[in-house]
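Reader: Hi! I have a new model open and would like to walk through a few spots with you. Could you start with the terms we need?

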Amino acid sequence: MPELLHLDATDVLVVGTGLAGISAAVSAAEAGAKITLASAGPVFSGSSFSSATWGLGMVAPESAADEEDLVQTILAVGSGAADPALVRSFVSGIYPAMQWLEDHGVALRAPDHPEEREYIPCFDHKARLWRGLGRAEFRDAMAARLQDLDVHLIEHASLARLRKADDGSIQGAIFFDETSSSFIDVPASSTILATGGTAGLFGRHIGADEDTGISHALAKDAGAHLVNLEFIQLMPAILTEMGPVIFNEKTFRYLAFEDGAASSISRNLFELRSTHGPATTRLGDAAIDLAIAEAGEKGAPAHYENLPDPLPELDRTYFSWLEKRLGHPLDQSFRLALFAHASNGGIRIDRNGWTGVPGLFAAGEATGGMHGADRLGGLSSANCIVFGIRTGEAAAKTAEGVSAPLEGMAGLPSTCSPLAAKALPAIRLALDSACLAPRCEHDLVAAQSSLHLIDEAIARTALPTQDARAIFQTLEAKAALATAQEMIEAMRRRRESAGSHIRLDAG
């Protein structure tokens with residue numbers, strides 16, 4: 001077995017440094033716990049801080065009377081896949097979460113013209129309380145708070161394995177340190193997984209490359225449950241030399257396709273399509289997304305026309321950002337393609353972020369239950385903050401009086417497969433071919449068979465080794481394969497189209 005560097009035990013270990021992980025670490029530290037915060041990249045990374053998206057927003061009920069309407073709207077767009085109790089608890093926590101951010105020095109931006117229809121959240125039927133969440137403002141305020149609270153930071157350390165005690169409880173984790181090419185053992189009384197979603201399992205994805213669902217497989221192996229993995233948001237994005245950038249759905253009303261069948265789609269559908277970002281089957285405008293999907297990875301050529309003067313406030317902000325990303329004026333053509341984006345499902349949690357496994361919590365996009373087949377715009381950021389705060393508090397409370405053993409629980413393997421490094425590209429190829437849009441049983445079965453063959457090949461070619469990097473690559477490949485298999489199985493179980501799950505062969 002490769003050598004482990006054993007760190008001192010901590011009360012709460014937080015894995016992931018996006019909005020949810022940072023909020024959880026600060027919340028737990030303010031509750032009096034000793035915190036270790038680990039990140040696969042630098043602190044303040046992951047999809048929360050990806051440059052592929054043009055901004056973050058949060059929506060909350062306009063008033064106490066608006067809470068029930070928001071709850072019912074979430075359940076309706078979720079098509080029966082969201083947990084009503086969790087949704088209700090979530091909605092009640094959004095406005096307090098906004099106040100928590102502002103109390104911590106994060107200035108939220110209020111719109112100058114909240115009455116404009118562009119501020120109606122994606123998939124919603126009315127305006128809510130909307131606030132812009134600036135990444136720089138969040139980073140600056142929280143970096144200072146982490147330092148004040150003496151949170152121990154571990155950067156460039158990828159999750160390899162959870163530390164599982166004989167009684168089934170989780171007491172920390174083991175990481176692969178990219179800098180030293182060695183393993184680090186971090187004992188903890190409570191562990192929070194804030195590791196992001198699963199879009200990184202696709203080749204065509206927007207967000208963090210490390211969002212490959214490793215923690216989903218590890219949590220399931222520990223005894224947690226996964227829910228709604230079939231609901232991956234499929235977002236149109238503009239192809240640029242620097243990679244894909246999110247297309248603002250509000251501007252679909254100005255869009256014109258330049259060739260193919262898409263150029264004859266009714267303008268009424270474009271107006272309807274401008275009310276939501278991800279593709280959906282619920283509203284009758286999926287023909288637009290299927291036309292984009294038909295163009296494949298090269299993208300469908302399009303341009304803007306008949307832009308109003310003046311532009312609405314939100315469109316003006318987006319177009320200003322987009323021109324800088326494109327490097328040319330908006331009157332030139334660009335190409336749109338579909339990409340996997342945010343996960344609406346993940347590790348099942350309760351209102352306090354507990355997974356049901358002693359000592360194991362989760363928060364943010366890694367989790368599921370508070371969203372369903374579709375998700376309202378502005379609720380992804382809200383989810384990260386609401387459950388980040390709650391999970392940190394709950395994990396700190398659970399850690400009180402619990403001591404994690406320093407050694408004797410690691411259990412790293414001493415074998416690797418030379419094929420492991422090729423697993424993720426193969427997974428991405430399989431999922432791109434079958435799990436974007438549209439989906440059908442034949443393609444899903446073929447992708448599942450491909451992943452099974454990869455898994456078998458990795459097991460068959462395992463060799464003894466003391467090379468820590470090779471061992472980690474094999475662990476990573478197995479976990480990614482396990483989560484990808486779970487995702488495809490969830491897609492196969494849901495035979496009908498529902499929201500973001502678009503089946504060509506729906507019964």
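Author: Happy to! Buried means under 20% relative accessible area, exposed means over 50%, and partly exposed lies in between. Also, this is a predicted model.

Reader: Thanks! Let's try that on Glu489: which class does it count as?

Author: Glu489 counts as partly exposed, because its relative accessibility is 29%, and partly exposed covers values between the 20% and 50% limits.

Reader: Where is Glu489 found?

Author: Glu489 sits in helix 12, which covers residues 468-493.

Reader: And how far is Glu489 from Arg163, C-alpha to C-alpha?

Author: Their C-alpha atoms are separated by 27 Å, and the two residues lie 326 residues apart along the chain.

Reader: Switching to strands. Is strand 6 enclosed or not, and why?

Author: Strand 6, residues 129-133, is largely enclosed by the rest of the structure, because four of its five residues are buried.

Reader: Nice. Which strands pair with strand 6?

Author: Strand 4 (residues 56-60) pairs with strand 6 in the antiparallel sense over five bridges. Strand 5 (residues 108-109) also pairs with strand 6 in the antiparallel sense, over two bridges.

Reader: Can you give me residues to click on?

Author: Sure! On the strand 4 side, Ala60 stands opposite Leu129 of strand 6. On the strand 5 side, Arg109 has Gly132 of strand 6 as its bridge partner.

Reader: Now the sheet with strands 11, 17 and 19: what is the pairing like?

Author: The pairing is mixed, and the three strands form an open sheet in the order 11-17-19. Strand 11 (226-227) and strand 19 (367-368) are the edge strands, each pairing on one side only. Helix 5 (residues 214-222) packs on this sheet and touches strand 11 and strand 17; the direction of helix 5 makes about 30° with that of strand 17.

Reader: In which sense do strands 17 and 19 pair?

Author: Strand 17, residues 346-348, pairs with strand 19 in the parallel sense over two bridges. Arg348 stands opposite Gly368 there.

Reader: Last topic, empty space. How many cavities of 30 Å³ or more are there?

Author: The structure holds one of that size. The largest cavity has a volume of about 40 Å³.

Reader: Which residues line the largest cavity?

Author: Its lining is made up of Ser343, Glu365, His371, Arg375, Ser380 and Asn383. By class, four of the lining residues are polar and two are charged, with no nonpolar ones.

Reader: Great, thanks for the tour!

Note on methods. Residues are numbered from 1 along each chain as its sequence is written. This is a predicted model: local features need pLDDT of at least 70, side-chain atom pairs count only at pLDDT 80 or more; totals for chains, interfaces and linings use all residues. Side-chain values use heavy atoms; hydrogens and water are left out. On a 1 Å grid over the protein atoms alone, a cavity is a set of points where a 1.4 Å probe fits but cannot get out, and a pocket is an open set with protein on both sides within 12 Å along at least five of seven lines; lining residues have an atom within 4 Å of a point. Grid points are joined across faces, edges and corners, and a volume is the space filled by probe spheres set on the points. Ala, Val, Leu, Ile, Met, Phe, Trp, Tyr, Cys and Pro count as nonpolar, Asp, Glu, Lys and Arg as charged, and the others, Gly among them, as polar. Two strands pair if DSSP finds at least two bridges between them. Contact means heavy atoms within 4.5 Å. Axes are lines fitted to C-alpha atoms, for helices over the stretch in contact, and angles run from 0 to 180 degrees between N-to-C directions. Buried means under 20% relative accessible area, exposed over 50%, partly exposed in between (1.4 Å probe, protein chains only).
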